[in-house]
Each structure stands twice: as structure tokens, then as C-alpha cells.
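Me: Could you take a close look at the sheet in this model for me? I'd like to go through it strand by strand, and then see what sits around it.

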Amino acid sequence: MSGQRSGLRDETENARPNWEMCEDEAEFDVGPGSIVAWGVSTGADIYCWLTTDDDPDRWPVLVCGRHTSPVFQVHPFGRAEFLQRLLGDAAFQEETISVTLPEEVSFVNWREQQRRWTVRA
């Protein structure tokens, strides 16, 4: 990558020191090295995996919330179920992330998102 860092690598590096500052308040104990970011919200929440199991299918989701209480939330299911709940359950959404999602949501990859931004400009 010729000296450039990946966005999710940067987000992982943001989540880990936040964890180290707040880990005394958490109801679970993990080392910061087991936190790996896989996504972010527009409200600066960082979605991570806790890589505490040898089987990646068993990695729970950790939300590092920008304006949530508690700041760190562990959800004992994988990314697919997390996203399904996030997009389909208003109560889960409200207690889990810092932003309000639109009523109609869709997934787009980064290329499509860039295209949409370009069209709007």
C-alpha cells in the first residue's frame, strides 16, 4: 500500500486505545490486540470483532460507541446477525448506535457510494 494505511486499520487503531482508557468500566475483559474493526457509522461508532476464538464464525461484535452508554457493547453474535438487527429492529438500533438510520436502508459498496456522492455534487 506504499505507505498509505487502510481506513479500517486506522479504525482498529482508534478503537484499541479507547478500549484501554475505558476497560475498567466494561463488564468483560479482553486484550486490545483482540479488537479488529470491520466498519464505522456516520456517527463515528466503530464496529469491531473480538477475535477471542480460533473460529472467526464465533467472533462476537464489539461496538465502540461515540455517544453510547456504555461506550463498549459486546453482542454475542456475528456481523450478519448484528446488521440484520441493526437494520430491522428500531429498539436495538436506538440502544446500540449513536445515529438514527433512515426508515429505508440499503447496503452499497464504497464504489457505489462514491458514484452517488459524485452524482449529487
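Reply: Here is a walk through the sheet, followed by the parts around it.

Bear in mind that this is a predicted model. The sheet is open and has four strands in the order β1-β2-β3-β4, paired antiparallel. Its edges are β1 (35-40) and β4 (72-75); each has a single partner strand, so one side of each is left without a neighbour in the sheet. From one strand to the next, the twist averages 30°. Helix α1 (residues 7-22) packs on the sheet and touches β1, β2, β3 and β4. The direction of α1 makes about 120° with that of β1.

Now for β2, which is a good strand to dwell on. On one side, five bridges join β1 to β2, and the two run antiparallel. Ile35 stands opposite Leu50 in that pairing. As for β3 (residues 61-64), four bridges join it to β2 (residues 46-50), again antiparallel. There, Ile46 stands opposite Cys64, and Trp49 has Val61 as its bridge partner.

How buried is β2? Five of its five residues are buried, so the strand is largely enclosed by the rest of the structure. In a regular strand, side chains alternate between the two faces of the sheet. Here Ile46, Cys48 and Leu50 point one way, while Tyr47 and Trp49 point the other way, and all are buried.

The link between β1 and β2 deserves its own look. These two strands form a hairpin with five residues between them. In the turn, Ala44 has a positive phi of about 75°. Asp45 also belongs to the loop between β1 and β2. Despite its acidic side chain, Asp45 counts as buried, because its relative accessible area is 0% and the cut-off for buried is under 20%. Leaving out residues up to four places away in sequence, Asp45 touches Gly39 and Val40, then Cys64, Gly65, Arg66, His67 and Thr68, and finally Ile97, Ser98 and Val99.

Next, the aromatic rings. The structure holds eight aromatic pairs. In one of them, the ring centres of Trp38 and Phe82 are 6.0 Å apart and the planes are at 85°, so the pair is edge-to-face. Trp38 lies in strand β1 and Phe82 in helix α2, so this pair ties together parts that are 44 residues apart in sequence. Both Trp38 and Phe82 are buried. Ring pairs also link Trp38, Tyr47, Trp49, Trp59, Phe77, Phe82 and Phe92 into a cluster. That brings us back to β2, since Tyr47 and Trp49 are the residues that point the other way from Ile46, Cys48 and Leu50.

Away from the sheet, the charged pairs are worth a look. Side chains of opposite charge can pair when their charged atoms come close. The count comes to five salt bridges. One is in helix α2 (residues 79-88), where Glu81 and Arg85 are four residues apart and so separated by about one helical turn. Their side chains meet with an N to O distance of 2.6 Å. Glu81 is partly exposed at 31% relative accessible area, and Arg85 is partly exposed at 34%.

Another salt bridge joins the side chains of Asp55 and Arg58, at 3.8 Å from N to O. Here Asp55 is partly exposed, with a relative accessible area of 29%, whereas Arg58 counts as exposed at 60%.

Finally, there is helix α4 (residues 110-120), with Glu112 and Arg115 three residues apart and so about one helical turn from each other. They form a salt bridge whose closest N and O atoms are 2.7 Å apart. Glu112 is partly exposed at 23%, and Arg115 is partly exposed at 44%. Together with Arg116, these two are linked in a network of salt bridges. At the N-terminal end of α4, Asn109 acts as a cap, with a side-chain oxygen 3.0 Å from the backbone nitrogen of Arg111. Zero of the eleven residues of α4 are buried, so the helix lies largely in the open. Set that beside β2, where five of the five residues are buried.

How values were computed:
Residues numbered from 1 in each chain as written. Predicted model: local features only at pLDDT ≥ 70, side-chain atom pairs only at ≥ 80, totals over all residues. Heavy atoms only, no water. Pairing = 2+ DSSP bridges. Axes fitted to C-alpha atoms, helices over the stretch in contact; angles between N-to-C directions. Contact = heavy atoms within 4.5 Å. Buried < 20%, exposed > 50% of the residue type's maximum accessible area, 1.4 Å probe, protein only. Salt bridge = Lys/Arg side-chain N within 4 Å of Asp/Glu carboxyl O. Polar contact = N/O pair within 3.5 Å; in protein donor to acceptor, adjacent residues only side chain to side chain. Phe/Tyr/Trp six-rings, centres within 6.5 Å; stacked < 30°, edge-to-face > 60°.
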